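Please open the model in a viewer and keep the selection panel at hand. The tour below proceeds by selections, each followed by an account of what is found there.

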Amino acid sequence: MTETNIDVRGQTCPVPLVECRKAIRKASPGDEIIIQGTHPASKKEIPMACEAMGIEVVEVDETDDKEWKIRIKR
Amino acid sequence: MTEKAVIVAHSGDLDKIYSALILGNGALSMGMEASIFFTFWGLQCLKKGGLGKGPLSRMNLLGLGKWMVKSRMKKANVASLEKLMNDYKELGGKVIACEMTMEIMGIKEEELNSEWIDEYGAVGTYIMEAKDAKITLFI
């Protein structure tokens, strides 16, 4: 089981979603992916994409005003 | 069966090619399959070095508008068309090139970026792709 970190801070549509999808394709079942970003819409859309693909969203951390961190499990 | 989005890229305008590739990448990112059928002015974008060659669909102002929009996009950190195409291919997006356009415009296979192209086809190919698609768009 591995953990992959993806930093898409400062990136805009559709890059956060695309980078998340690329990481999911490369991951094996059980692997965790942590995506860190600033694009507001992606904070909602990454969990939407995970739901559509049946992938678990472990945590959405939005303690920072501008930044968010989403942990998902393949 | 996985849901599918099929897009016709008829326009080669810079802003519309952006739309087609963003939508294609979006569909793939949401777990769908995606195909883009490049035809007419859209097919020009598959030529070697042709991806960003088109004008803006409005306010092009002989290229001044395009230059301004491109510089604004750079400031906003918008991905390049090359990155969007590479991501689209990496995520398994399909590219279909219109054979009739090639014939009309005298475009040869070796003039196109063949590493992007999965299939050469005509209207029947599009219809067969689109008939069970959840989303189909003409851009």
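Begin with helix H2 of chain A and display its buried residues: they pack against H1, E2, E3 and E4 of chain A, together with H1 of chain B. The model is a predicted one.

**Helix H2 of chain A**

Select Ser42(A), Ile46(A), Ala49(A) and Cys50(A), which are the residues to show as buried in H2(A). Viewed down the axis of H2(A), the buried residues lie within an arc of 95°, so they line one face of the helix. An α-helix has 3.6 residues a turn, so residues three or four places apart point the same way. Now add Pro40(A) and Lys44(A), which are exposed on the other side of H2(A).

Extend the selection to Gly54(A), which follows H2(A) and has a positive phi, near 70°. Then show the strands under the helix: H2(A), residues 40–53, lies across E2, E3 and E4 of chain A, and runs at about 5° to E4(A), residues 68–73.

**The sheet of chain A**

Select the strands of chain A. In what order do the 4 strands of this open sheet stand? The order is E1-E2-E4-E3, and the pairing is mixed. Strands E1 (3–8) and E3 (56–61) of chain A are at the edges with a single partner strand each, so one side of each has no neighbour in the sheet. From one strand to the next, the twist averages 15°.

Restrict the view to E1(A) and E2(A), the latter covering residues 32–37; the two pair in the parallel sense over 6 bridges. Within this pair, Asp7(A) is placed opposite Gln36(A) of E2(A). Add helix H1(A), residues 15–26, which packs on the sheet and touches E1 and E2 of chain A. The direction of H1(A) makes about 165° with that of E1(A).

Next, label Cys13(A) and Pro14(A): the peptide bond from the former to the latter is cis, with omega near 0°. Pro14(A) is found in the loop between E1 and H1 of chain A.

**Chain A as a whole**

Display the complete chain A, which has 2 helices and 4 strands. Its elements run β-α-β-α-β-β from the N terminus on. The radius of gyration of chain A is 11 Å, close to the 11 Å that the globule rule gives for 74 residues, so chain A is as compact as a globular protein of that length. The C-alpha trace of chain A spans about 30 × 20 × 20 Å along its principal axes. Colouring by burial will show that 31% of the 74 residues of chain A count as buried. Of the contacts in chain A between residues at least 6 apart in sequence, 61% join residues at least 24 apart.

**Where the two chains meet**

Select the residues of each chain that touch the other. Here 14 residues of chain A are in contact with 14 residues of chain B. On the chain A side, H1 and H2 of chain A are the elements that give two or more residues. H1(A) provides the largest share of that side, 6 residues. The residues on the chain A side divide into 9 nonpolar, 3 polar and 2 charged.

**The sheet of chain B**

Move to the strands of chain B, where an open sheet of 5 strands has the order E4-E3-E2-E1-E5 with parallel pairing. Strands E4 (119–121) and E5 (135–138) of chain B stand at its edges, each with a single partner strand, so one side of each is left without a neighbour in the sheet. Neighbouring strands are turned by 20° against each other on average, direction ignored.

Select E1(B), residues 4–9, and E2(B), residues 33–38: these run parallel and are joined by 6 bridges. Ile7(B) has Ile36(B) as its bridge partner in E2(B). Add helix H1(B), residues 14–29, which packs on the sheet, touching E1, E2 and E5 of chain B, at about 170° to the direction of E1(B).

**Two loop residues of chain B**

Finish with Leu62(B), in the loop between H2 (41–44) and H3 (64–75) of chain B. Leu62(B) is not a glycine, although its phi is positive, about 55°. Is Leu62(B) buried or exposed? Leu62(B) is exposed, with 8 other C-beta atoms within 10 Å.

Lastly, select Asn77(B), in the loop between H3 and H4 (81–90) of chain B. Asn77(B) has a positive phi of about 65° and is not a glycine. Asn77(B) counts as exposed, with 11 C-beta neighbours inside 10 Å.

Note on methods. Residues are numbered from 1 along each chain as its sequence is written. Chains are lettered from A and ligands numbered from 1 in the order in which they are written. This is a predicted model: local features need pLDDT of at least 70, side-chain atom pairs count only at pLDDT 80 or more; totals for chains, interfaces and linings use all residues. Two strands pair if DSSP finds at least two bridges between them. Axes are lines fitted to C-alpha atoms, for helices over the stretch in contact, and angles run from 0 to 180 degrees between N-to-C directions. Two residues are in contact if their C-beta atoms, placed from the backbone, lie within 7 Å. The radius of gyration is taken over C-alpha atoms; the globule rule is 2.2 Å times the number of residues to the power 0.38. A residue is buried if 20 or more other C-beta atoms lie within 10 Å of its own, exposed if 12 or fewer, and partly exposed in between; C-beta atoms are placed from the backbone. The arc is that of the directions from the helix axis to the C-beta atoms. Ala, Val, Leu, Ile, Met, Phe, Trp, Tyr, Cys and Pro count as nonpolar, Asp, Glu, Lys and Arg as charged, and the others, Gly among them, as polar.
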